[in-house]
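Hi,

Here is the structure I promised to pass on to you. Have a look at it first, and then read on for what turned up in it.

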4 protein chains.
Amino acid sequence: MKDTQDESPDVRIGLERVGVTNLKTPIRTVWRGRSYYFTPNIEITIDLDRRRKGIHMSRLIEAITEAVEEETLKSRGSIEAIEKRVLDRLAKRHPYRRGEIRMAADFVVYRRTPSSRRKTAETHGIEVAVMRDGRKYRKRLKVTVIGNTVCPHSMVTAGRPHIQRAVGELTVETDYARMVGLEEMVECVEESFSSPVYTLLKTSDEKALVEMMFDNPRFVEDVTRGMLDAAKARFRGARIRAKAVSQESIHRHDVIAEGTA
Amino acid sequence: MKDTQDESPDVRIGLERVGVTNLKTPIRTVWRGRSYYFTPNIEITIDLDRRRKGIHMSRLIEAITEAVEEETLKSRGSIEAIEKRVLDRLAKRHPYRRGEIRMAADFVVYRRTPSSRRKTAETHGIEVAVMRDGRKYRKRLKVTVIGNTVCPHSMVTAGRPHIQRAVGELTVETDYARMVGLEEMVECVEESFSSPVYTLLKTSDEKALVEMMFDNPRFVEDVTRGMLDAAKARFRGARIRAKAVSQESIHRHDVIAEGTA
Amino acid sequence: MKDTQDESPDVRIGLERVGVTNLKTPIRTVWRGRSYYFTPNIEITIDLDRRRKGIHMSRLIEAITEAVEEETLKSRGSIEAIEKRVLDRLAKRHPYRRGEIRMAADFVVYRRTPSSRRKTAETHGIEVAVMRDGRKYRKRLKVTVIGNTVCPHSMVTAGRPHIQRAVGELTVETDYARMVGLEEMVECVEESFSSPVYTLLKTSDEKALVEMMFDNPRFVEDVTRGMLDAAKARFRGARIRAKAVSQESIHRHDVIAEGTA
Amino acid sequence: MKDTQDESPDVRIGLERVGVTNLKTPIRTVWRGRSYYFTPNIEITIDLDRRRKGIHMSRLIEAITEAVEEETLKSRGSIEAIEKRVLDRLAKRHPYRRGEIRMAADFVVYRRTPSSRRKTAETHGIEVAVMRDGRKYRKRLKVTVIGNTVCPHSMVTAGRPHIQRAVGELTVETDYARMVGLEEMVECVEESFSSPVYTLLKTSDEKALVEMMFDNPRFVEDVTRGMLDAAKARFRGARIRAKAVSQESIHRHDVIAEGTA
């Protein structure tokens with residue numbers, strides 16, 4: 001008996017992206033010799049031919065489950081290595097031309113505070129995607145990092161600036177084989193703010209940070225340009241997108257700047 | 001034939017709150033002679049006796065629909081007047097001992113900017129609830145207002161402060177009959193920040209605002225105490241709860257202060 | 001004295017989208033002779049030349065404020081008419097090449113229930129954008145509508161289906177002058193589900209609706225194709241995008257189908 | 001020199017809860033011999049005396065950092081053991097009478113599918129809190145679990161039911177020493193739905209699940225009562241709160257039932 005999914009649809013239109021979203025499953029990765037544990041939010045989709053009613057959703061889940069298990073046992077994959085393996089496994093179970101998998105997670109980086117040199121754990125948002133089109137693979141990495149902006153305009157007109165939290169988002173898209181480090185991406189964003197921020201700050205650290213902020217006033221436009229500039233220099237040949245949102249302390253609304261390089 | 005809801009449940013435990021949530025329906029209110037239009041997010045619940053399997057959900061919706069229509073035609077109700085009417089209508093359709101209805105919406109207040117005196121529309125979050133227990137009615141009003149904090153500690157230790165957006169939440173619970181103005185509640189919150197914020201600010205306004213901020217450094221604890229103090233003075237005899245959250249510009253996390261008066 | 005925004009930036013990269021986001025301000029529109037009140041969430045952005053440090057944010061707010069006031073007084077604008085006016089006003093205050101404004105809001109449609117014919121108010125999510133590029137204007141309307149899917153596969157294999165809430169999202173992009181009704185867009189989405197849903201349902205309505213659902217099993221792929229098909233027929237020449245997400249009742253995750261036509 | 005925090009406040013009101021929220025830091029726990037990795041969202045608060053202007057926020061962070069490090073090195077703590085240690089460490093650094101720490105995270109449980117017996121990883125939401133009041137400790141555990149409801153009313157009136165995803169939330173509060181397993185709590189919720197849900201389901205599993213659902217129609221009130229009943233039997237003497245929200249497939253809104261036992 002034919003599966004319902006393999007029947008002919010009433011409306012014969014091909015679809016670009018069909019699959020599963022908001023799936024959470026635990027994974028372990030190894031990057032530069034160190035283990036990381038995530039429970040990412042996953043979206044996986046493939047294209048659907050105009051002559052088929054539906055895709056077989058459970059095969060997407062099986063491809064994820066098996067690839068995660070394999071990579072975890074072998075203990076040497078990055079997030080993108082696991083994702084590529086999922087797409088390859090899936091290709092054996094379910095024909096498709098274009099497939100894509102994204103994982104969004106928290107990513108922890110260890111730092112020293114600026115003055116007292118204490119160790120702190122800093123948590124950023126990441127999203128890593130691998131896209132397969134026939135035999136070609138690309139990947140797209142995104143980091144979302146918190147920092148701040150000190151307004152250059154009020155610094156000049158009022159002699160004293162308004163200051164606020166800002167969120168920087170940097171996206172780098174390249175061939176799959178290209179090495180792109182999430183930690184380097186985080187650095188590109190952090191360097192673009194008036195100052196980076198820290199989870200732990202003793203009084204001397206707070207003083208050092210505030211001084212750095214006041215010495216370095218930045219519009220949200222400056223933050224976005226800074227990210228683009230830093231990422232272009234580090235990730236040559238990649239498609240780069242940057243967005244900064246400043247959660248204004250003098251307004252209810254936010255200001256935003258987006259660009260590409 | 002008996003409705004399924006009126007049958008005896010497998011587990012004989014009474015429930016405090018059973019009903020409908022995330023319902024959106026348009027309402028019109030009149031307050032001090034002026035019309036307001038909202039599409040609030042509504043939650044309405046009643047208690048359920050241990051001997052009944054379920055409540056009749058559609059009667060809750062009908063009570064809302066009818067009360068909204070009546071008040072809108074008569075054009076003179078506040079949000080709490082509409083809510084009281086819903087609970088009263090419901091009592092005729094569906095027996096209950098304790099019932100509660102909440103509406104969450106955007107609330108617009110018109111202001112003048114501090115220096116150029118331009119008119120601006122400022123939008124705050126509100127939630128208005130009416131509770132009926134037998135023949136007694138109480139109400140609970142909440143406003144959520146955006147402002148800022150200028151850190152007094154860094155002002156002293158670094159000579160220059162970090163500044164950030166903060167969110168103040170003030171809740172006032174009283175007998176139903178007691179007059180409580182949402183606009184007065186917004187004022188209690190705004191006065192407690194280092195400065196209020198505005199949607200529109202020309203350069204002279206921004207200058208005036210930044211000066212006000214620097215003259216008025218506040219911890220998040222000061223903001224909460226300020227709200228409690230202002231609300232106690234204005235709404236005597238009411239139960240008051242205040243919470244301030246400061247979206248720190250030097251940290252990834254927020255700081256919080258909550259209290260009651 | 002030169003404004004800081006007009007100075008030369010450290011990094012000379014042009015930016016595509018700079019502006020204000022998460023701004024809430026009340027508007028009134030008139031569509032087919034009837035008034036609608038919204039407090040939309042607004043994003044407005046313009047491009048920034050590589051030789052200028054920043055844009056003048058307050059001019060964006062002023063353009064919104066003035067256009068809203070004018071249209072409200074004249075009482076005959078749609079959302080897109082207000083948005084076009086904002087972009088035109090802005091062009092006089094602040095030079096730009098490409099500008100875009102989006103408003104997201106709740107949109108209420110009145111319906112009759114399927115059997116008892118009661119009147120109900122149904123609230124949908126909408127987003128309306130106008131883009132100006134030089135002298136050319138385009139617009140993009142999106143509706144987000146709740147419905148359901150009855151699984152055709154389990155209907156066949158188990159004789160009984162699993163059923164769940166689904167969310168359909170339809171986007172139509174056209175020249176500014178093209179007439180596109182939000183209500184027609186809502187209909188395209190509702191017709192694509194196993195059945196539409198209602199705020200109020202009496203027992204006879206619920207029965208009619210359940211029968212309609214079971215007679216009309218749909219994969220999420222069918223819903224997306226149905227939206228594309230209906231929208232293509234109604235909005236000829238437009239760029240159409242559809243997305244359906246089914247909040248599976250047998251899984252923790254959602255399933256998704258996206259396509260264009 | 002006196003710290004600003006230790007000065008006298010302008011308004012002399014004591015505050016119940018002052019501290020840090022939305023802090024994310026990685027932790028490792030050991031429960032029944034197995035390691036778990038989380039990056040929880042943390043809130044930690046203490047009370048503030050009416051005569052002090054503020055608390056020393058950085059000491060809260062230090063208490064977390066040190067306790068996490070210690071427990072991780074010793075590799076034998078549950079989440080609540082880490083939390084108790086944080087509160088104890090904090091008491092040495094910063095005097096307080098009442099303190100509370102909460103961690104919210106994803107929690108993974110492994111299951112077998114109902115028919116094909118495949119292994120699946122199921123991810124639930126949890127929140128674990130420890131409260132210290134003088135020398136007394138209490139704890140409060142919450143799980144948020146996805147399942148479904150099959151409507152008993154439409155089953156009777158229409159012969160065919162509407163079905164939808166539902167979310168169950170179970171909270172258990174006890175003395176700190178009392179053993180309460182998160183996995184047992186998840187079971188209490190899952191047993192209360194029309195059926196549990198799974199990440200992976202092959203056709204035979206889906207069939208088995210749909211049959212279980214149809215054999216077991218449940219109102220949202222039944223789900224809440226089921227949770228209360230199951231939790232009372234398992235966690236005697238504890239304070240129990242349950243809430244179920246059904247994401248109706250025939251309505252735009254949700255239905256809700258809450259109770260205590």
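Helix 1 of chain D passes helix 2 of chain D in a right-handed crossing. Please keep in mind that this is a predicted model. In chain D, helix 1 covers residues 57-74 and helix 2 covers residues 79-93, and their axes come within 8 Å and cross at roughly 135 degrees. An angle over 145 degrees would count as roughly antiparallel, so these two helices of chain D are oblique to each other instead.

Which residues make this contact? On the helix 1 side of chain D they include D:Leu60, D:Ala63, D:Ile64 and D:Glu66, and on the helix 2 side they include D:Ile82, D:Arg85, D:Val86 and D:Arg89. By class, the contact of helix 1 of chain D with helix 2 of chain D has 9 nonpolar, no polar and 8 charged residues.

You can find a matching description in chain C. There, helix 1 (residues 57-74) and helix 2 (residues 79-93) have axes that come within 8 Å and cross at roughly 135 degrees. The crossing in chain C is right-handed. Among the residues that make it are C:Ala67 and C:Val68 of helix 1 and C:Leu90 and C:Arg93 of helix 2. The contact in chain C divides into 9 nonpolar, no polar and 8 charged residues.

Now for how the chains are arranged. A turn of 180 degrees and a shift of 0.0 Å along the axis lay chain B on chain D with an RMSD of 0.0 Å. The two copies are thus related as by a two-fold rotation axis. Which residue of chain B comes closest to that rotation axis? B:Arg241 does, with its C-alpha at 12 Å. Chains B and D meet through the same surface, because 100% of the interface residues of chain B are also interface residues in chain D.

Chains A and B touch too, with 31 residues from chain A and 31 residues from chain B in the contact. On the side of chain A, the elements that give two or more residues are strand 6 (119-133), strand 7 (136-150), helix 3 (152-157), strand 8 (163-175) and helix 5 (203-214). Helix 5 of chain A gives the most, with 8 residues. This side of chain A has 11 nonpolar, 12 polar and 8 charged residues.

Finally, a word on confidence. Chain A averages a pLDDT of 95, and 99% of its residues score at least 70. The model scores ipTM 0.95 and pTM 0.97.

Enjoy exploring!

How values were computed:
Residues are numbered from 1 along each chain as its sequence is written. Chains are lettered from A and ligands numbered from 1 in the order in which they are written. This is a predicted model: local features need pLDDT of at least 70, side-chain atom pairs count only at pLDDT 80 or more; totals for chains, interfaces and linings use all residues. pLDDT is the predictor's confidence in each residue, from 0 to 100. Copies are superposed by least squares on the C-alpha atoms of residues with pLDDT of at least 70 in both. Two residues are in contact if their C-beta atoms, placed from the backbone, lie within 7 Å. Helices (H or I, at least four residues) and strands (E, at least two) are DSSP runs, numbered from the N terminus. Ala, Val, Leu, Ile, Met, Phe, Trp, Tyr, Cys and Pro count as nonpolar, Asp, Glu, Lys and Arg as charged, and the others, Gly among them, as polar. Axes are lines fitted to C-alpha atoms, for helices over the stretch in contact, and angles run from 0 to 180 degrees between N-to-C directions. Angles under 35 degrees count as roughly parallel, over 145 as roughly antiparallel, 65 to 115 as roughly perpendicular and the rest as oblique. A crossing is left-handed if the near helix is turned anticlockwise from the far one by less than a right angle, and right-handed if clockwise.
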